[in-house]
Structures are given as structure tokens and as C-alpha cells.
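Trainee: Could you go through this structure with me, starting with the cysteines and then moving to the charged pairs?

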Amino acid sequence: MTAALAVLLAAPTAVATQTANAQTVQEAAKANAQQMIILSEDFSKMTSGSESNPDLSFNINTCTGMPSNDIFYSCVNPDYTQTPGWGSYQVYPAGGMIYFNNTRADDYYAAHFNTPVFDASADNGIYFVSFRARLINNAPDYAGLGYTTQDVTDPKNPAYTEYGNVKNMTSEWKKFTLRFAQGKKATRVIFREEDGVKVLLDDFKVYYEKTAVGSPNVLRHLFYTGTSFRPRWNKVEGATKYYVNVYKSDEEGNIGEQVVTDLETTDTICTVRNIVPGVIYRYNVTASDGTSKSQPSRYVVLNELQSPTPDDVEIAADGSYTATWEKIPNALFYNYYVYEDRIAENDGEFTLIDEDFSSVTDAGGSKMDWTPGNEPKDIQTQAKGYPKGTNMNGCFATYWAPLTGGYVMVDGWNYFYDVVKNVQDAETGEDLKRYAKFETPVLNFSADSSVKLNVSLWGDYASDDLDKEHNYPEYQVNAIAAIVAFNPETGLYEEVERKHFDLDKKAWKNVECEFSKGYEDAKIVIYATDGPSVLYIDNLKVTQQLKKGDAFATCIECQPGLVDAKASVTLPADYAKKNIYQRVVAVNNHKSLFLNLEYNWYSGPSELQLIHEASETAINDAAADAAAVEVARYAVDGTQLAAPQKGVNIVRMSDGTTRKVVVK
């Protein structure tokens, strides 16, 4: 993508995909296809000037001045086109064709020409744009006329979906056909000349190809193993068989060597074998009725991570050991976790998580001296991090900060605007909204009973400083609590239950909810929502009814960001009494093909691997709570107190835990 295109697309919302192998010279990709015209323009009404002498003094627009959104998209005088709604800048008539005359160094105002909004949703969004074009003078290193497509379902927040360059342009007239695969009911195509090369364009047409069977709608693949995966798609009416084709690819969306050719199946799912771990692939699916074939579906990227398998470990007498595992292709780093079993000695409510954040810090041991309603105007939160000093290790947070008052804050400013824009990767559908959240490590909750959550929350009440049109309305920051569970079929964490909390205006509120059941390999997540500001979180408690003998594995150590496939660990002194487990997650970055945006991509968690078997039965957590007594009391600044003091007190108990209490 050129720098100029990056400037153009800096304001929009969603993430686009480069059009892989879009360019052809075919009038129709299928001999038996019927070409269905969506939009056609021969520029015959642009009579001024000529091919050899374009009329640079003739303004084809109804507006003057520099481009704005309205000018950019729909400013061409409808008297000069067959269909109203075209847009242009620095484009001129040339005797029945148009001439791109980019004279500006400022890329944002480069010469551009765009279509009206049209419906390209037929045949699962597979459509074509054809035209004739040539350069005034040959430019050997010319990248080509740039193009982008937009989903204009929300006109105020158009989502860019595909982009590329018209390659191999010369001073000779050629016909070009671009194939697109992200057509929507409201679609726009934009052409831009960004390099000062003079271009002529004529006989423009948008169409789709109607075949006996339609193009398949490909769903997310299942069961990636590193050497195989299972593509799947929706059934196509009239189709009796399908063909899967797989190609080597790269992060830029280029299509390379074909490794699977016309793998045939009569089902809507199949297994592709003998792929290589760490290689990026793209694949498509074609439907057939036994006589004719559909258009191939859009290309779907396959860029996954295998789940690591930890090696067996030898624990020394002092509880130390070194964990190792085989390196995973394409993994940038690893997160290593250690868990210990807690056993329910009796039937009853069992405390799974009890977190008051009294000692929470960031990874460097720091915390911010902010309190609710007294944050700095320009909050500098950490985009992501693993809080330290929590009662349960392995928690994760985004757009967050630890506070000296003994709680955490997450800032929902980015998320608020990302929701409006529906930010996502147009190629994979991956949700790229910048969530402000606090989440637990991956835990195995019992499926036999409900899970109860209790937490204290404080939501800001703040104005939308970007919405001048509506006089900067104010919004209450609320919260969502959800259980997110790993789906081994898709390889993704998926939300299985959620609860929404309406909070009080700038005041602490204790809220509670009950999830219907527990899930394996699941996390509890708390999000800021509904407003462009901050959410404070404190006193998080999660409980579940367990039966005598039930075990709950709690995370006691987390080592994130390990570059090497190993971790050095020293277990707690009482480890011999408990079952100890290990788990590894591989992490890399996925690169969306628009704006070079990168985001973390995680493998599935490895199975909890038992590395030490308990020599004694752990005590019941409820009995331990009952036996614990206060041994010391402190103010929030660490000063020891001789007696309860009004405000927040930190109480250290005889069992080694700390509690935060408010004395009124």
C-alpha cells in the first residue's frame, strides 16, 4: 500500500484486504455466465477536450475548492454522466473519456474518481469492475492506478474493504477487469492517481456474473492442527459438489504456489491435509451442479498457531524447575502459566476468585495516584498488560492502570468510538475494537452449577467531545461481565454468556450476577461500555457451588512474553501438598491488510498438564476462611494502624491473605 493510500484511509474505520489476483483480461470468468450490469458509464457526455488535449479548464463538478467528504463522493455534475452520484477531484474531460491530472504533492488531494453507491451483494458479493485505460507516457516503475472499495452501509462511517493497484499500465490502451469479493448492498469504488502520472480512462462497467449455481459463502475453518484443517461453507442451492483450492500466501495477501487443486467433496465441509505449520495459506471454494461451476468464493486466510505441548519437568527439592516445549512456527513469544488445585472438602459455596486489588501494580511495580473523578484530562493508560500483586496470577488488562487506592481502572474511550465505526478486519471478520477490559486467566469452571460474580464498579459520566453535531452529548460509562470460553473447533475464545450493568453517575456500585453454568478453558471478563471514559473495578469475587472432592485449578504464576520456549519456575514452599499443573499459549501478530494494523493472535491453550501430584489433601477453603483472624491493619499509604480508621483499611489475615475494608 502506498503512503498516499495510507493517508487517504487514515480517517476511515474498518480494515481492508488487498484484492488477491483481482486483475484479469477476461470479459467473463465463466463461459456460461450471464453478465448482469450494475453500473455502466462511457463518459460520452464529457465532450469537452480530446484524448490528445484534455480540457484542464473545464470543471465537471458542481462544487469548487478542496475535497471534503461530500465533494469527494458525489460532486460530479449529473449532466455529464449516465448515472448521478459520481465524485472526482483533479479529473477532467477528454473528448468522451476522463483524464487524471494529479498536480499536487499532498497525497490526500490526489486525483481521484469514484462511483456512485451501488448494490454489489448478489452472488455473495463477487463482482467485477472493467474499464479501458492507458498512460499518456510510459512510466516503467509505475505502481498503477490505485483503487479502494467501501462498504457504505453507514454513510457516516464507510468501511474500506478491498484495495490494490491496476498493474501493467502502459501508453497503449488496455482493457482491465478487477474481481472483488466483498460486495455489499451499499458499495462504492474509488480510483486514485497518487504519483503524478497522467492517466486516461474510458468504458467503465460494474457487473456480476449469474451462473447456474451461486458462489459459496465460506465460514471460518475448523480444527487447525498445523498439518491439516477443515474448511466449511454454507450449502449452495442446486450444487451437487464443491471444489477447494489452497494456495501459499503471505501477510500482504499475495497468492503464490497452488498446493491443493480442486479437492472435491459433496459435503459442505472437508479435510485438507499435508499443509506445513507456520506457512500462511489462502483458499477458496467453488460450487458445481455437475455441469457448470460458480465463481470461486472470496479467498480466506489460514494463518493459525499450533497449541504448544509442554515437556515433562523434573522438580528439584526446593521446588524449582525449568519448563520447556517445542518452538511453534511463527510464534513471536509464549505465555507460561502454573496452576495449583484447591479441593472442596465439603459441599457448599466455594470461593474461586477473591480479589481486592490492594497490592496491584503494573509489570514494573508501579501504580497511578488517581481516584474516581480525579483523573488527569489526558489519561495515559497501558494498552495491554499483566497486573502484578493480585491474589490470582495471570490476569490480563487492556487500556488500564493500577491505582494507589487499591483498584484498577480501564479506559473505554477508544472502544466507544470503535463501536460506532464497527472496526473489524474485513478479510477475517476479526473484531478489532480496542476493548477496555480486565480478564482472569483461563480457568476450568465446573459445568454442574452456576457461577456467581460480585464486583464493585464506578463508571464515569462523560461527554462525547467529538460529536459537535449533537452538541457533545454526555454518556454514562457502564459495564459488561462475560464468560468467554475456548472453542476447540474454531480455535477461538467465544463469548458464551454476558451480563450488562447500568451504573450510577460517578458513584461506586456493588453489582452481582449469576452465569448459568461453568465452562472449561474459560475466562471471566469485565468491560467498560456505553461511554467514552473510565471504569473503576474493585472487590471482584467469584463463587460456585461445588461438591466434596471437587477440584478447582487456580493460577499461581504467569510468565508472559517469553521469547524462548522455556520458563524458570520456583514453586511455593507448600507445593508438595497440592496438584501442580502447567500450560503454555503461543502468541504472534496478525497483520490486517489495511493501514498495516497489527493485533495479537493466540494459539489455543495447551491442556493443563499435571507435573506434580499432591501428597496431602488440601484444606477446605471455607474452613480456612472461618479460621483466619486479623493480625495487622494498614492505611492505604502503608502506615500500620493501631485501630480501625475511617476510610479504606488494608487488613492482613492470619492465613496470609489481605482484605480491603471501608470503615465509615
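Mentor: Let us begin with a term: buried means under 20% relative accessible area, exposed means over 50%, and partly exposed lies in between, with a 1.4 Å probe and protein chains only. This is a predicted model, in which local features need pLDDT of at least 70, side-chain atom pairs count only at pLDDT 80 or more, and totals for chains, interfaces and linings use all residues. Residues are numbered from 1 along each chain as its sequence is written, and side-chain values use heavy atoms, with hydrogens and water left out.

Trainee: Okay, is Cys-395 buried or exposed?

Mentor: Cys-395 is buried, at 4% relative accessibility, and Cys-513 is buried as well, with a relative accessible area of 12%.

Trainee: And how many disulfides does the structure hold?

Mentor: It holds 0 disulfides, a disulfide being a pair of cysteine sulfur atoms within 2.5 Å.

Trainee: Why does Cys-395 have no bond to Cys-555?

Mentor: Because the sulfur of Cys-555, which is the closest cysteine sulfur to that of Cys-395, is 7.9 Å away, too far for a bond.

Trainee: Switching topic, how many salt bridges are there?

Mentor: The search of the whole structure finds 17, where a salt bridge is a side-chain nitrogen of Lys or Arg within 4 Å of a carboxyl oxygen of Asp or Glu. One of them joins Lys-523 to Glu-439, at 3.2 Å from N to O.

Trainee: Are those two buried or exposed?

Mentor: Both Lys-523 and Glu-439 are buried.

Trainee: Which residues form a network?

Mentor: Salt bridges link Arg-132, Asp-202 and Asp-203 in a network.
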